[in-house]
Amino acid sequence: MTAESVFTYGAPALKFGSGASDEIGYDLSQYGVRRVLLITDADVAATGHPARVAEQIASYGMEVQVFDDVHIEPTDASLETAIAYANGTGPWDAFVAVGGGSAIDTAKAVNLLHTNPGELMDYINAPVGKARAPQNPLKPFVAVPTTTGTGSESTTICVLDVLAQKVKTGISHPRLRPTLAVVDPALTLSQPSGVTAACGMDILCHALESYTARSYDSYPRKTPEQRVPYCGANPIGDMWSEKAMTLLATAFRQAVHHGDDVGAREQMALAATFAGMGFGNAGVHIPHANAYPIAGRVRDFRPTGYPDDEPMVPHGMAVSLTAPEAFRWTFEASPERHLRAASLLAPDHAYDGPDALPNVLADLMRDIGIPNGIGAVGYGESDVDDLVEGTMKQQRLLATAPREVRPEDVAQILTRSLELW
Ligand SMILES: NC(=O)c1ccc[n+]([C@@H]2O[C@H](COP(=O)([O-])OP(=O)(O)OC[C@H]3O[C@@H](n4cnc5c(N)ncnc54)[C@H](O)[C@@H]3O)[C@@H](O)[C@H]2O)c1
Ligand SMILES: [Zn+2]
(Lines give C-alpha, C1' and ligand atoms only; values in the text may rest on other atoms or scores of the structure.)
(Ligands and ions follow the chains in the order given, each with its own letter.)
Protein backbone atom coordinates (compact mmCIF):
# COMPACT_ATOMS: atom_id res chain seq x y z
CA MET A 1 0.00 0.00 0.00
CA THR A 2 1.20 3.52 -0.79
CA ALA A 3 0.36 5.61 2.26
CA GLU A 4 -1.51 8.90 1.96
CA SER A 5 0.73 11.95 2.14
CA VAL A 6 -1.82 14.70 1.47
CA PHE A 7 -4.50 16.28 3.67
CA THR A 8 -6.94 19.05 2.79
CA TYR A 9 -8.52 21.97 4.61
CA GLY A 10 -11.60 23.94 3.65
CA ALA A 11 -13.53 26.69 5.45
CA PRO A 12 -15.94 29.48 4.56
CA ALA A 13 -15.20 33.17 4.88
CA LEU A 14 -15.94 34.09 8.50
CA LYS A 15 -17.13 37.15 10.36
CA PHE A 16 -17.10 36.72 14.15
CA GLY A 17 -18.18 38.93 17.02
CA SER A 18 -20.96 40.71 18.81
CA GLY A 19 -22.82 42.85 16.24
CA ALA A 20 -21.57 40.84 13.22
CA SER A 21 -25.18 39.97 12.31
CA ASP A 22 -25.94 43.69 11.80
CA GLU A 23 -23.77 43.74 8.68
CA ILE A 24 -25.37 41.00 6.57
CA GLY A 25 -27.13 43.46 4.24
CA TYR A 26 -23.77 44.92 3.29
CA ASP A 27 -22.19 41.47 2.95
CA LEU A 28 -24.96 40.28 0.62
CA SER A 29 -24.82 43.46 -1.43
CA GLN A 30 -21.24 42.49 -2.31
CA TYR A 31 -22.56 39.39 -4.11
CA GLY A 32 -24.80 41.48 -6.37
CA VAL A 33 -28.00 39.66 -5.32
CA ARG A 34 -31.58 40.98 -5.44
CA ARG A 35 -33.90 38.33 -3.96
CA VAL A 36 -32.96 36.68 -0.66
CA LEU A 37 -34.74 33.88 1.20
CA LEU A 38 -34.09 33.81 4.97
CA ILE A 39 -34.60 30.38 6.56
CA THR A 40 -35.28 29.87 10.29
CA ASP A 41 -37.44 27.93 12.77
CA ALA A 42 -40.42 29.14 14.78
CA ASP A 43 -38.69 29.36 18.18
CA VAL A 44 -35.71 31.23 16.76
CA ALA A 45 -38.14 33.50 14.87
CA ALA A 46 -39.75 34.28 18.24
CA THR A 47 -36.44 35.74 19.51
CA GLY A 48 -36.79 38.52 16.90
CA HIS A 49 -33.28 37.97 15.47
CA PRO A 50 -34.41 36.72 12.02
CA ALA A 51 -36.80 39.68 11.54
CA ARG A 52 -34.03 42.10 12.50
CA VAL A 53 -31.59 40.49 10.05
CA ALA A 54 -34.29 40.56 7.32
CA GLU A 55 -34.97 44.26 7.92
CA GLN A 56 -31.31 45.03 7.74
CA ILE A 57 -31.00 43.16 4.42
CA ALA A 58 -34.04 45.03 3.06
CA SER A 59 -32.43 48.35 4.02
CA TYR A 60 -29.80 47.60 1.36
CA GLY A 61 -32.53 47.50 -1.29
CA MET A 62 -32.86 43.73 -1.57
CA GLU A 63 -36.17 41.86 -1.49
CA VAL A 64 -36.22 39.43 1.44
CA GLN A 65 -38.76 36.80 2.52
CA VAL A 66 -38.69 34.72 5.69
CA PHE A 67 -39.45 30.97 5.77
CA ASP A 68 -39.84 30.05 9.46
CA ASP A 69 -41.08 26.48 9.20
CA VAL A 70 -37.79 24.60 9.70
CA HIS A 71 -38.28 21.30 11.56
CA ILE A 72 -36.03 20.82 14.58
CA GLU A 73 -33.68 18.06 13.45
CA PRO A 74 -34.76 18.04 9.80
CA THR A 75 -36.38 15.06 8.12
CA ASP A 76 -36.64 14.22 4.41
CA ALA A 77 -40.27 15.38 4.61
CA SER A 78 -39.41 18.71 6.28
CA LEU A 79 -36.62 19.39 3.81
CA GLU A 80 -38.98 18.67 0.91
CA THR A 81 -41.48 21.17 2.34
CA ALA A 82 -38.77 23.84 2.53
CA ILE A 83 -37.48 23.03 -0.97
CA ALA A 84 -41.03 23.18 -2.40
CA TYR A 85 -41.55 26.56 -0.74
CA ALA A 86 -38.30 27.96 -2.13
CA ASN A 87 -38.83 26.55 -5.61
CA GLY A 88 -42.46 27.75 -5.63
CA THR A 89 -41.54 31.32 -4.65
CA GLY A 90 -38.18 31.57 -6.46
CA PRO A 91 -35.97 32.14 -8.22
CA TRP A 92 -33.79 33.22 -5.28
CA ASP A 93 -30.35 34.79 -5.69
CA ALA A 94 -29.09 34.00 -2.20
CA PHE A 95 -30.00 32.21 1.04
CA VAL A 96 -29.50 33.20 4.67
CA ALA A 97 -30.04 30.76 7.56
CA VAL A 98 -30.57 32.15 11.06
CA GLY A 99 -30.76 29.34 13.62
CA GLY A 100 -29.06 26.22 14.88
CA GLY A 101 -27.88 23.27 12.83
CA SER A 102 -31.51 22.52 11.93
CA ALA A 103 -32.01 25.83 10.09
CA ILE A 104 -28.52 25.85 8.54
CA ASP A 105 -28.80 22.27 7.28
CA THR A 106 -32.27 22.98 5.88
CA ALA A 107 -30.88 25.94 3.94
CA LYS A 108 -28.08 23.74 2.55
CA ALA A 109 -30.64 21.30 1.11
CA VAL A 110 -32.80 24.14 -0.21
CA ASN A 111 -29.81 25.75 -1.92
CA LEU A 112 -28.80 22.42 -3.47
CA LEU A 113 -32.23 21.61 -4.88
CA HIS A 114 -32.86 25.20 -5.96
CA THR A 115 -29.85 25.13 -8.24
CA ASN A 116 -29.61 21.47 -9.25
CA PRO A 117 -32.02 19.04 -10.91
CA GLY A 118 -33.54 15.89 -9.42
CA GLU A 119 -34.83 14.81 -6.02
CA LEU A 120 -33.44 14.99 -2.49
CA MET A 121 -32.85 11.20 -2.52
CA ASP A 122 -30.52 11.54 -5.52
CA TYR A 123 -28.02 13.47 -3.39
CA ILE A 124 -28.28 11.63 -0.03
CA ASN A 125 -25.29 9.47 0.94
CA ALA A 126 -25.28 5.90 -0.33
CA PRO A 127 -26.60 3.33 0.47
CA VAL A 128 -29.69 5.25 1.62
CA GLY A 129 -29.61 7.58 -1.39
CA LYS A 130 -27.73 7.79 -4.68
CA ALA A 131 -24.84 10.05 -3.52
CA ARG A 132 -25.05 12.10 -6.71
CA ALA A 133 -22.71 15.13 -6.85
CA PRO A 134 -24.23 18.52 -7.69
CA GLN A 135 -23.46 19.50 -11.28
CA ASN A 136 -24.22 23.24 -10.97
CA PRO A 137 -22.76 25.79 -8.57
CA LEU A 138 -24.98 26.77 -5.64
CA LYS A 139 -26.15 30.31 -4.75
CA PRO A 140 -24.37 32.48 -2.17
CA PHE A 141 -25.36 31.28 1.30
CA VAL A 142 -24.79 33.13 4.58
CA ALA A 143 -25.07 30.94 7.71
CA VAL A 144 -25.79 32.66 11.03
CA PRO A 145 -25.73 30.18 13.95
CA THR A 146 -27.85 30.92 17.03
CA THR A 147 -26.73 27.83 18.95
CA THR A 148 -23.22 27.06 20.13
CA GLY A 149 -22.86 23.53 18.83
CA THR A 150 -22.90 22.00 15.39
CA GLY A 151 -20.37 24.09 13.48
CA SER A 152 -22.68 23.55 10.50
CA GLU A 153 -21.86 27.10 9.38
CA SER A 154 -18.44 25.86 8.32
CA THR A 155 -19.10 22.27 7.22
CA THR A 156 -20.05 20.60 3.95
CA ILE A 157 -22.79 18.41 5.46
CA CYS A 158 -26.55 18.45 5.83
CA VAL A 159 -27.90 15.91 8.35
CA LEU A 160 -31.44 14.54 8.00
CA ASP A 161 -33.75 11.79 9.21
CA VAL A 162 -35.07 9.57 6.44
CA LEU A 163 -38.41 8.76 8.01
CA ALA A 164 -39.42 5.66 6.04
CA GLN A 165 -36.11 3.95 6.82
CA LYS A 166 -35.87 5.25 10.42
CA VAL A 167 -32.29 6.28 9.72
CA LYS A 168 -30.34 9.50 10.10
CA THR A 169 -27.92 10.18 7.31
CA GLY A 170 -26.62 13.12 5.34
CA ILE A 171 -25.72 14.86 2.15
CA SER A 172 -22.06 15.74 1.94
CA HIS A 173 -20.34 17.75 -0.75
CA PRO A 174 -17.91 20.71 -0.72
CA ARG A 175 -20.46 22.82 -2.61
CA LEU A 176 -22.85 22.71 0.37
CA ARG A 177 -20.42 24.72 2.50
CA PRO A 178 -21.78 28.20 3.28
CA THR A 179 -20.16 31.08 1.40
CA LEU A 180 -19.94 33.16 4.57
CA ALA A 181 -20.34 32.23 8.25
CA VAL A 182 -21.51 35.10 10.45
CA VAL A 183 -21.03 34.08 14.08
CA ASP A 184 -22.55 36.65 16.42
CA PRO A 185 -22.41 35.47 20.06
CA ALA A 186 -25.13 37.99 20.99
CA LEU A 187 -27.64 35.78 19.14
CA THR A 188 -26.80 32.79 21.35
CA LEU A 189 -27.69 34.40 24.70
CA SER A 190 -31.32 33.27 24.47
CA GLN A 191 -30.45 29.56 24.02
CA PRO A 192 -32.30 27.61 26.72
CA SER A 193 -30.02 25.95 29.27
CA GLY A 194 -30.88 22.41 28.05
CA VAL A 195 -30.04 23.42 24.48
CA THR A 196 -26.75 24.98 25.64
CA ALA A 197 -25.84 21.73 27.43
CA ALA A 198 -26.65 19.40 24.51
CA CYS A 199 -25.08 21.70 21.90
CA GLY A 200 -21.95 22.11 24.02
CA MET A 201 -21.54 18.33 24.21
CA ASP A 202 -21.73 18.35 20.40
CA ILE A 203 -18.81 20.82 20.31
CA LEU A 204 -16.86 18.70 22.75
CA CYS A 205 -17.43 15.49 20.80
CA HIS A 206 -16.53 17.17 17.49
CA ALA A 207 -13.23 18.24 19.03
CA LEU A 208 -12.52 14.93 20.77
CA GLU A 209 -13.52 12.68 17.89
CA SER A 210 -11.50 14.56 15.30
CA TYR A 211 -8.54 14.74 17.69
CA THR A 212 -8.60 10.96 18.26
CA ALA A 213 -9.56 10.05 14.68
CA ARG A 214 -7.48 7.76 12.52
CA SER A 215 -4.62 9.83 11.10
CA TYR A 216 -4.87 10.97 7.47
CA ASP A 217 -1.54 9.34 6.61
CA SER A 218 -2.64 5.88 7.78
CA TYR A 219 -5.04 5.51 4.84
CA PRO A 220 -4.09 4.30 1.36
CA ARG A 221 -3.24 7.09 -1.05
CA LYS A 222 -6.30 8.63 -2.74
CA THR A 223 -6.63 9.96 -6.26
CA PRO A 224 -7.86 13.57 -6.57
CA GLU A 225 -11.38 12.41 -7.49
CA GLN A 226 -11.51 10.15 -4.43
CA ARG A 227 -10.74 12.92 -1.92
CA VAL A 228 -13.55 13.55 0.57
CA PRO A 229 -13.99 16.54 2.87
CA TYR A 230 -13.12 14.32 5.88
CA CYS A 231 -9.51 13.18 5.66
CA GLY A 232 -8.74 11.96 9.20
CA ALA A 233 -6.76 13.58 12.03
CA ASN A 234 -4.23 16.07 10.68
CA PRO A 235 -2.11 18.93 12.07
CA ILE A 236 -4.60 21.69 11.18
CA GLY A 237 -7.63 19.83 12.56
CA ASP A 238 -5.66 19.06 15.75
CA MET A 239 -4.94 22.72 16.33
CA TRP A 240 -8.61 23.74 16.13
CA SER A 241 -9.69 20.81 18.31
CA GLU A 242 -7.18 21.54 21.06
CA LYS A 243 -8.14 25.18 21.18
CA ALA A 244 -11.86 24.31 21.29
CA MET A 245 -11.23 22.07 24.32
CA THR A 246 -9.33 24.82 26.12
CA LEU A 247 -12.25 27.21 25.64
CA LEU A 248 -14.77 24.61 26.81
CA ALA A 249 -12.76 24.01 29.98
CA THR A 250 -13.55 27.47 31.31
CA ALA A 251 -16.81 28.42 29.59
CA PHE A 252 -19.04 25.36 29.31
CA ARG A 253 -20.43 24.93 32.84
CA GLN A 254 -20.77 28.69 33.19
CA ALA A 255 -22.74 29.07 29.91
CA VAL A 256 -25.19 26.34 30.98
CA HIS A 257 -25.78 27.67 34.50
CA HIS A 258 -25.42 31.41 33.83
CA GLY A 259 -26.69 31.91 30.30
CA ASP A 260 -26.47 35.69 30.61
CA ASP A 261 -22.67 35.59 30.97
CA VAL A 262 -21.66 37.28 27.72
CA GLY A 263 -18.00 36.28 28.03
CA ALA A 264 -18.88 32.60 28.45
CA ARG A 265 -21.28 32.78 25.47
CA GLU A 266 -18.52 34.30 23.35
CA GLN A 267 -16.09 31.56 24.30
CA MET A 268 -18.69 28.89 23.51
CA ALA A 269 -19.34 30.47 20.11
CA LEU A 270 -15.61 30.48 19.37
CA ALA A 271 -15.31 26.88 20.56
CA ALA A 272 -18.16 25.78 18.29
CA THR A 273 -16.59 27.53 15.31
CA PHE A 274 -13.12 26.13 16.04
CA ALA A 275 -14.39 22.58 16.53
CA GLY A 276 -16.43 22.91 13.31
CA MET A 277 -13.28 23.84 11.43
CA GLY A 278 -11.50 20.86 12.97
CA PHE A 279 -14.06 18.11 12.54
CA GLY A 280 -15.32 19.59 9.27
CA ASN A 281 -12.01 18.50 7.76
CA ALA A 282 -10.83 15.62 9.97
CA GLY A 283 -14.15 13.82 10.61
CA VAL A 284 -15.93 12.23 13.57
CA HIS A 285 -16.33 8.59 14.55
CA ILE A 286 -17.94 6.28 17.15
CA PRO A 287 -20.01 8.65 19.36
CA HIS A 288 -21.51 10.26 16.23
CA ALA A 289 -22.12 6.87 14.58
CA ASN A 290 -23.94 5.69 17.75
CA ALA A 291 -25.93 8.94 17.93
CA TYR A 292 -27.76 8.23 14.70
CA PRO A 293 -29.69 5.15 15.93
CA ILE A 294 -29.98 6.60 19.47
CA ALA A 295 -31.79 9.64 18.04
CA GLY A 296 -33.51 7.78 15.20
CA ARG A 297 -35.20 5.09 17.34
CA VAL A 298 -36.40 7.32 20.20
CA ARG A 299 -39.69 6.25 21.78
CA ASP A 300 -40.93 8.79 24.30
CA PHE A 301 -38.05 10.89 25.66
CA ARG A 302 -38.77 14.64 25.69
CA PRO A 303 -35.87 16.90 26.68
CA THR A 304 -36.40 20.26 28.36
CA GLY A 305 -35.66 23.32 26.25
CA TYR A 306 -36.78 21.70 22.98
CA PRO A 307 -40.19 21.72 21.23
CA ASP A 308 -42.39 19.21 23.08
CA ASP A 309 -44.66 18.22 20.20
CA GLU A 310 -42.74 15.00 19.55
CA PRO A 311 -40.21 12.78 21.35
CA MET A 312 -36.55 13.36 20.51
CA VAL A 313 -33.00 12.81 21.72
CA PRO A 314 -31.27 16.00 20.53
CA HIS A 315 -28.16 15.52 18.42
CA GLY A 316 -25.59 16.72 20.97
CA MET A 317 -27.17 14.69 23.77
CA ALA A 318 -27.36 11.57 21.57
CA VAL A 319 -23.69 11.98 20.67
CA SER A 320 -22.53 12.46 24.26
CA LEU A 321 -24.29 9.47 25.82
CA THR A 322 -21.80 6.89 24.54
CA ALA A 323 -18.76 9.20 24.42
CA PRO A 324 -17.21 8.20 27.78
CA GLU A 325 -17.31 4.50 26.88
CA ALA A 326 -16.23 5.10 23.27
CA PHE A 327 -13.13 6.95 24.45
CA ARG A 328 -12.38 4.24 27.00
CA TRP A 329 -12.38 1.82 24.05
CA THR A 330 -10.27 4.01 21.71
CA PHE A 331 -7.71 4.81 24.46
CA GLU A 332 -5.22 2.16 23.39
CA ALA A 333 -4.98 3.62 19.86
CA SER A 334 -3.39 6.85 21.15
CA PRO A 335 -3.05 7.06 24.95
CA GLU A 336 -1.17 10.36 24.77
CA ARG A 337 -3.98 12.09 22.86
CA HIS A 338 -6.66 10.85 25.26
CA LEU A 339 -4.66 12.03 28.28
CA ARG A 340 -3.84 15.37 26.66
CA ALA A 341 -7.56 15.90 25.95
CA ALA A 342 -8.40 15.14 29.60
CA SER A 343 -5.83 17.67 30.79
CA LEU A 344 -7.06 20.35 28.36
CA LEU A 345 -10.64 19.86 29.58
CA ALA A 346 -9.88 19.72 33.29
CA PRO A 347 -6.38 21.17 33.71
CA ASP A 348 -6.05 20.90 37.48
CA HIS A 349 -5.36 17.18 37.69
CA ALA A 350 -2.71 14.70 36.62
CA TYR A 351 -4.01 11.93 34.37
CA ASP A 352 -3.14 8.34 33.70
CA GLY A 353 -4.84 5.32 32.11
CA PRO A 354 -7.99 4.63 30.09
CA ASP A 355 -10.41 5.89 32.79
CA ALA A 356 -9.11 9.46 32.83
CA LEU A 357 -11.01 10.94 29.89
CA PRO A 358 -14.26 9.01 30.59
CA ASN A 359 -14.19 10.33 34.18
CA VAL A 360 -13.69 13.94 33.04
CA LEU A 361 -16.61 13.57 30.61
CA ALA A 362 -18.96 11.92 33.11
CA ASP A 363 -18.24 14.64 35.72
CA LEU A 364 -19.03 17.33 33.19
CA MET A 365 -22.19 15.62 31.92
CA ARG A 366 -23.52 15.19 35.46
CA ASP A 367 -22.83 18.84 36.25
CA ILE A 368 -24.71 20.18 33.22
CA GLY A 369 -27.75 17.90 33.46
CA ILE A 370 -27.14 15.43 30.61
CA PRO A 371 -29.12 12.19 31.23
CA ASN A 372 -27.25 9.34 32.89
CA GLY A 373 -26.66 7.11 29.88
CA ILE A 374 -28.82 5.64 27.13
CA GLY A 375 -30.96 3.97 29.81
CA ALA A 376 -32.12 7.41 30.94
CA VAL A 377 -33.45 8.26 27.46
CA GLY A 378 -35.46 5.05 27.25
CA TYR A 379 -33.21 2.22 26.03
CA GLY A 380 -32.65 -1.09 27.79
CA GLU A 381 -30.39 -4.11 27.33
CA SER A 382 -32.86 -5.65 24.87
CA ASP A 383 -32.41 -2.67 22.52
CA VAL A 384 -28.65 -3.04 22.17
CA ASP A 385 -28.71 -5.39 19.13
CA ASP A 386 -31.01 -3.02 17.29
CA LEU A 387 -28.82 -0.03 18.08
CA VAL A 388 -25.67 -1.92 17.00
CA GLU A 389 -27.28 -2.61 13.65
CA GLY A 390 -28.01 1.12 13.23
CA THR A 391 -24.47 2.09 14.19
CA MET A 392 -22.87 -0.41 11.81
CA LYS A 393 -24.73 1.29 8.93
CA GLN A 394 -22.63 4.43 9.54
CA GLN A 395 -19.56 3.00 7.82
CA ARG A 396 -18.47 6.41 6.56
CA LEU A 397 -18.03 7.53 10.19
CA LEU A 398 -16.71 4.25 11.54
CA ALA A 399 -13.94 4.33 8.93
CA THR A 400 -12.58 7.40 10.77
CA ALA A 401 -12.26 5.51 14.08
CA PRO A 402 -8.69 4.83 15.22
CA ARG A 403 -9.35 1.08 15.65
CA GLU A 404 -11.34 -1.31 13.49
CA VAL A 405 -14.88 -1.29 14.89
CA ARG A 406 -16.66 -4.69 15.02
CA PRO A 407 -20.33 -5.16 15.98
CA GLU A 408 -19.28 -6.76 19.29
CA ASP A 409 -17.22 -3.66 20.13
CA VAL A 410 -20.22 -1.39 19.54
CA ALA A 411 -22.39 -3.74 21.63
CA GLN A 412 -19.89 -3.46 24.49
CA ILE A 413 -19.76 0.34 24.28
CA LEU A 414 -23.57 0.62 24.20
CA THR A 415 -24.09 -1.85 27.05
CA ARG A 416 -21.60 -0.03 29.24
CA SER A 417 -23.37 3.25 28.34
CA LEU A 418 -26.78 2.14 29.68
CA GLU A 419 -25.79 3.93 32.90
CA LEU A 420 -22.70 6.13 33.14
CA TRP A 421 -22.38 7.00 36.80
N1 LIG B 1 -24.14 20.02 9.32
C2 LIG B 1 -23.35 19.74 10.32
O3 LIG B 1 -22.14 19.88 10.21
C4 LIG B 1 -23.96 19.28 11.60
C5 LIG B 1 -23.13 18.94 12.67
C6 LIG B 1 -23.73 18.51 13.85
C7 LIG B 1 -25.11 18.44 13.94
N8 LIG B 1 -25.90 18.77 12.88
C9 LIG B 1 -27.36 18.73 12.94
O10 LIG B 1 -27.84 19.97 13.46
C11 LIG B 1 -29.10 19.74 14.14
C12 LIG B 1 -29.03 20.26 15.55
O13 LIG B 1 -28.74 21.64 15.55
P14 LIG B 1 -28.50 22.44 16.92
O15 LIG B 1 -27.98 21.51 17.92
O16 LIG B 1 -27.71 23.63 16.57
O17 LIG B 1 -29.94 22.87 17.41
P18 LIG B 1 -31.32 23.14 16.64
O19 LIG B 1 -31.14 23.97 15.44
O20 LIG B 1 -31.99 21.81 16.45
O21 LIG B 1 -32.10 23.98 17.74
C22 LIG B 1 -32.38 23.40 19.01
C23 LIG B 1 -33.51 24.16 19.71
O24 LIG B 1 -33.01 25.41 20.18
C25 LIG B 1 -33.81 26.49 19.70
N26 LIG B 1 -32.90 27.63 19.53
C27 LIG B 1 -31.83 27.71 18.72
N28 LIG B 1 -31.17 28.87 18.91
C29 LIG B 1 -31.87 29.56 19.85
C30 LIG B 1 -31.69 30.83 20.47
N31 LIG B 1 -30.63 31.61 20.19
N32 LIG B 1 -32.61 31.23 21.36
C33 LIG B 1 -33.66 30.43 21.67
N34 LIG B 1 -33.87 29.22 21.15
C35 LIG B 1 -32.97 28.77 20.24
C36 LIG B 1 -34.44 25.96 18.43
O37 LIG B 1 -35.64 26.64 18.13
C38 LIG B 1 -34.68 24.51 18.80
O39 LIG B 1 -35.85 24.36 19.54
C40 LIG B 1 -29.33 18.24 14.09
O41 LIG B 1 -30.20 17.93 13.02
C42 LIG B 1 -27.95 17.70 13.85
O43 LIG B 1 -27.95 16.41 13.26
C44 LIG B 1 -25.33 19.20 11.72
ZN1 LIG C 1 -22.31 16.67 15.89
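Student: Where is Pro 91 found in this model?

Tutor: In this predicted model, Pro 91 is found in the loop between α4 (76-89) and β4 (94-99), and a cis peptide bond joins this proline to Gly 90, with omega at about 0 degrees. Another cis peptide bond joins Ala 126 and Pro 127, where omega is about 5 degrees, and Pro 127 lies in the loop between α6 (120-123) and β5 (141-145).

Student: What is said of phi at Glu 73, and where is the place of this residue?

Tutor: Phi of Glu 73 is near 65 degrees, a positive value in a residue other than glycine, and Glu 73 sits in the loop between β3 (63-67) and α4.

Student: Why is the site of the zinc ion (ligand 2) called irregular?

Tutor: The zinc ion (ligand 2) is coordinated by Asp 202 through OD and by His 206, His 288 and His 315 through NE2, at 2.1 to 2.2 Å. The angles among its 4 donor atoms run from 85 to 166 degrees; four donors count as tetrahedral if all angles lie between 85 and 135 degrees, so the value of 166 degrees rules that class out. The site is classed as irregular.

Student: How do you know that the zinc ion (ligand 2) links distant parts of the chain?

Tutor: Its donors follow the spacing D-x3-H-x81-H-x26-H along the chain. Within this set, His 206 in helix α7 (residues 193-211) and His 315 in helix α11 (residues 315-320) are 109 residues apart.

Student: What makes α7 roughly antiparallel to α14?

Tutor: Helix α7 and helix α14 (residues 356-367) pack at an angle of about 165 degrees, with their axes 12 Å apart. Angles over 145 degrees count as roughly antiparallel, and α7 is therefore roughly antiparallel to α14. The contact is made by Met 201, Leu 204 and Leu 208 of α7 and by Leu 357, Leu 361, Leu 364 and Met 365 of α14, which divide into 7 nonpolar, no polar and no charged residues.

Student: Why are α12 and α17 called oblique to each other?

Tutor: Helix α12 (residues 323-330) and helix α17 (residues 407-416) pack at an angle of about 135 degrees, with their axes 8 Å apart. That angle is not over 145 degrees, as roughly antiparallel would require, and lies outside the 65 to 115 degrees of roughly perpendicular, so the pair is oblique. The contact is made by Glu 325, Ala 326, Arg 328 and Trp 329 of α12 and by Asp 409, Gln 412, Ile 413 and Arg 416 of α17; by class, this contact has 3 nonpolar, 1 polar and 4 charged residues.

Notes:
Residues are numbered from 1 along each chain as its sequence is written. Chains are lettered from A and ligands numbered from 1 in the order in which they are written. This is a predicted model: local features need pLDDT of at least 70, side-chain atom pairs count only at pLDDT 80 or more; totals for chains, interfaces and linings use all residues. Side-chain values use heavy atoms; hydrogens and water are left out. Axes are lines fitted to C-alpha atoms, for helices over the stretch in contact, and angles run from 0 to 180 degrees between N-to-C directions. Helices (H or I, at least four residues) and strands (E, at least two) are DSSP runs, numbered from the N terminus. Angles under 35 degrees count as roughly parallel, over 145 as roughly antiparallel, 65 to 115 as roughly perpendicular and the rest as oblique. Contact means heavy atoms within 4.5 Å. Ala, Val, Leu, Ile, Met, Phe, Trp, Tyr, Cys and Pro count as nonpolar, Asp, Glu, Lys and Arg as charged, and the others, Gly among them, as polar. Donors are N, O and S atoms within 2.8 Å of the metal (3.2 Å for Na, K and Ca); water is not among the atoms, so sites may look incomplete. Four donors count as tetrahedral if all angles lie between 85 and 135 degrees; four count as square planar and six as octahedral if opposite donors are over 155 degrees apart and all others between 65 and 115; anything else is irregular.
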